[in-house]
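Please study the sequence and the model shown below before attempting the exercises.

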Amino acid sequence: MVKKLSYVLLMIITAILLTACKENANAPTSSETTPDKTTPTETETTATNPDQLVIAIPADVTSLDPAITMDNSTWKIIYNSYERLVDYDGATTNIKPGLAEKWEVSEDGKTWTFPLEDGHVFSDGTPVDAEAVKASFDRTLKIANGPAGVYSMVSEIRVDDPMTVVFVLSENFPPFLSTLAANYGNIVSPTVMEHEENGDLGQNYLAENTLGSGPYKLTEWKKGDSLKLEINEHSKVKPTLKSILFRIVGDPSVQRMQLEKGEIDIAEGIPVDQIDSVKGLENVALIQEPSLLADYIYINTSKGNAALQDEKVRQALNYAMDYESLVSAVQLGYATQMRGPIPDGIWGHDESVHQYNYDVEKAKALLAEAGVENLTLELLYSDNKTWWETEALAIQSNLADIGVTLNLNKVAYATSREMMEKGEFDLALGVWSPDFGDPYAFMNYWFDSANHGLAGNRAFYTNSEVDNLLKEAATNNDQSARQEIYKQIQDIVMEEAPYILLYQKDFILPMSKDVKGFVYNPMLEGIYFLSEMSK
């Protein structure tokens with residue numbers, strides 16, 4: 001029998017639903033962006049235009065530089081402005097050729113050879129050749145930000161001939177090919193160096209511009225209002241849609257109204273409590289697919305409140321969560337509680353791995369054993385996900401039940417990213433979805449001490465045994481052996497509890513029935529194959 005929500009939690013959720021129309025804290029003023037006041041002329045040039053796709057997103061994005069950004073919200077803008085050596089094949093985890101015609105790998109798994117297809121051209125008119133591919137990866141590695149960590153095993157990139165690039169790895173890395181299909185593998189034109197400022201390798205320029213060979217290029221970014229992609233006339237791919245407009249609409253009720261009126265084609269910011277009303281709209285289709293997106297809480301194990309360095313305190317916080325109520329109240333049932341850090345849907349997921357359940361008395365006992373009383377913590381979150389406000393209040397209520405005071409710190413999305421990178425928080429709300437179908441995409445990012453901060457280990461967790469096991473798992477060609485190693489790691493990290501694993505969220509997307517060709521790939525959460533779409 002489903003457990004009833006606590007009275008306090010019910011009151012919180014009710015309050016949230018009653019204020020669902022409140023404007024996003026980081027959105028511009030209503031006079032700047034209120035969509036239902038759009039003039040007929042503006043509307044005619046957006047969603048009613050069959051050559052333009054209009055997508056409403058809940059918040060602005062961060063740096064557009066592929067060598068910097070590590071979040072899907074920004075990747076959705078740039079993914080179609082660049083090409084990669086290989087790509088995911090439709091909705092599957094299978095890999096198909098991209099810029100590369102094919103690939104060859106040596107028997108030891110350390111040398112990867114990619115002959116390139118002729119005819120690909122960057123948006124600046126520069127041809128895509130092996131030197132350009134090498135320069136792009138060299139740049140990423142030199143910048144040494146989050147994406148560079150994915151390719152830490154690359155010891156050499158060489159050009160065997162003008163159209164053949166070779167990667168030599170210092171050690172075998174089974175997921176290597178899959179990483180090249182993700183956003184990390186976006187190839188940037190070598191002319192980016194013409195925009196270099198003070199040795200930044202063009203970072204300032206690419207923060208607000210695109211320079212790839214994809215079917216689209218960024219032509220306009222009105223901060224806090226919209227981003228516009230238009231066809232890259234040099235691209236080998238010739239899309240049907242001439243332009244893509246990403247409108248920043250923080251108010252979910254306004255998104256719903258726009259969708260109903262046909263002023264937008266896709267609404268990304270409508271929370272689950274309004275999904276039923278969307279289902280009834282005659283011109284709207286609701287896409288619902290199983291997702292690999294994990295919603296969880298980072299516990300700052302080394303830079304946050306000193307009490308969080310005690311695993312008993314972290315375990316207590318895990319036992320304090322009313323998981324069933326969170327799924328019911330925050331996601332209205334459109335989610336499933338996580339069991340272990342490898343989500344259901346990726347090999348290595350193990351139902352036998354210990355998972356915390358809702359147990360207030362056990363949580364209190366663990367705090368007592370740790371000698372912790374009157375604990376006050378701060379929860380960091382942003383407006384990036386529409387459900388986080390509701391979730392934050394529910395978590396605050398759960399922790400109050402075990403005597404922990406939780407202060408809520410809601411900041412702008414970009415600010416939250418900066419704070420997470422520096423470790424300036426106690427607890428923080430986060431989501432994570434894999435870019436390649438391998439346990440590495442969760443385990444090695446979340447738990448390797450080399451990845452502290454935005455690179456993935458946002459709990460600032462360190463365990464030398466875990467580090468060694470992760471390295472072993474990442475370099476072993478035997479999948480069954482890797483699976484056993486990851487099982488060992490899961491047992492350790494679930495005991496030490498650097499995160500609170502909440503749930504896997506279903507992918508739900510309201511979309512105009514006029515939109516054709518949409519494909520959902522769980523490896524690319526929230527990202528569109530725009531060149532295959534039409535209206």
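The exercises below concern helix packing, an enclosed helix and nonpolar cores. The model is predicted, so local features need pLDDT of at least 70, side-chain atom pairs count only at pLDDT 80 or more, and totals for chains, interfaces and linings use all residues. Residues are numbered from 1 along each chain as its sequence is written, and side-chain values use heavy atoms, without hydrogens and water.

**Exercise 1.** Determine how helices α10 and α12 are oriented to each other.

Step 1. Helix α10 (residues 311–319) and helix α12 (residues 360–369) pack at an angle of about 165°, and their axes are 8 Å apart.

Step 2. Angles over 145 degrees count as roughly antiparallel, and α10 and α12 are therefore roughly antiparallel.

Step 3. Contact means heavy atoms within 4.5 Å. On the α10 side, K312, V313, Q315, A316 and Y319 make the contact; on the α12 side, V360, K362, A363, L366, L367 and E369 do.

**Exercise 2.** Establish which residues of helix α8 are buried.

Step 1. A residue is buried if its relative accessible area is under 20% (1.4 Å probe, protein chains only).

Step 2. In α8, this applies to P252, S253, V254, Q255, R256, Q258 and L259.

Step 3. Because 7 of the 10 residues of α8 (residues 252–261) are buried, this helix is largely enclosed by the rest of the structure.

Step 4. Among the partners of these buried residues are β1 (52–57), α9 (275–279) and β17 (499–512).

**Exercise 3.** Describe the largest nonpolar core.

Step 1. This core has 152 residues, and L85, F114, F167 and F176 have the most contacts inside it.

Step 2. Not counting residues up to four places away in sequence, F167 touches several residues, including L85, W112, F114, V133 and F176.

Key
Axes fitted to C-alpha atoms, helices over the stretch in contact; angles between N-to-C directions. Helix = DSSP H or I, 4+ residues; strand = E, 2+ residues; numbered from the N terminus. Parallel < 35°, antiparallel > 145°, perpendicular 65-115°, else oblique. Core = buried A, V, L, I, M, F, W, Y, C linked by side-chain atoms within 4.5 Å. Buried < 20%, exposed > 50% of the residue type's maximum accessible area, 1.4 Å probe, protein only.
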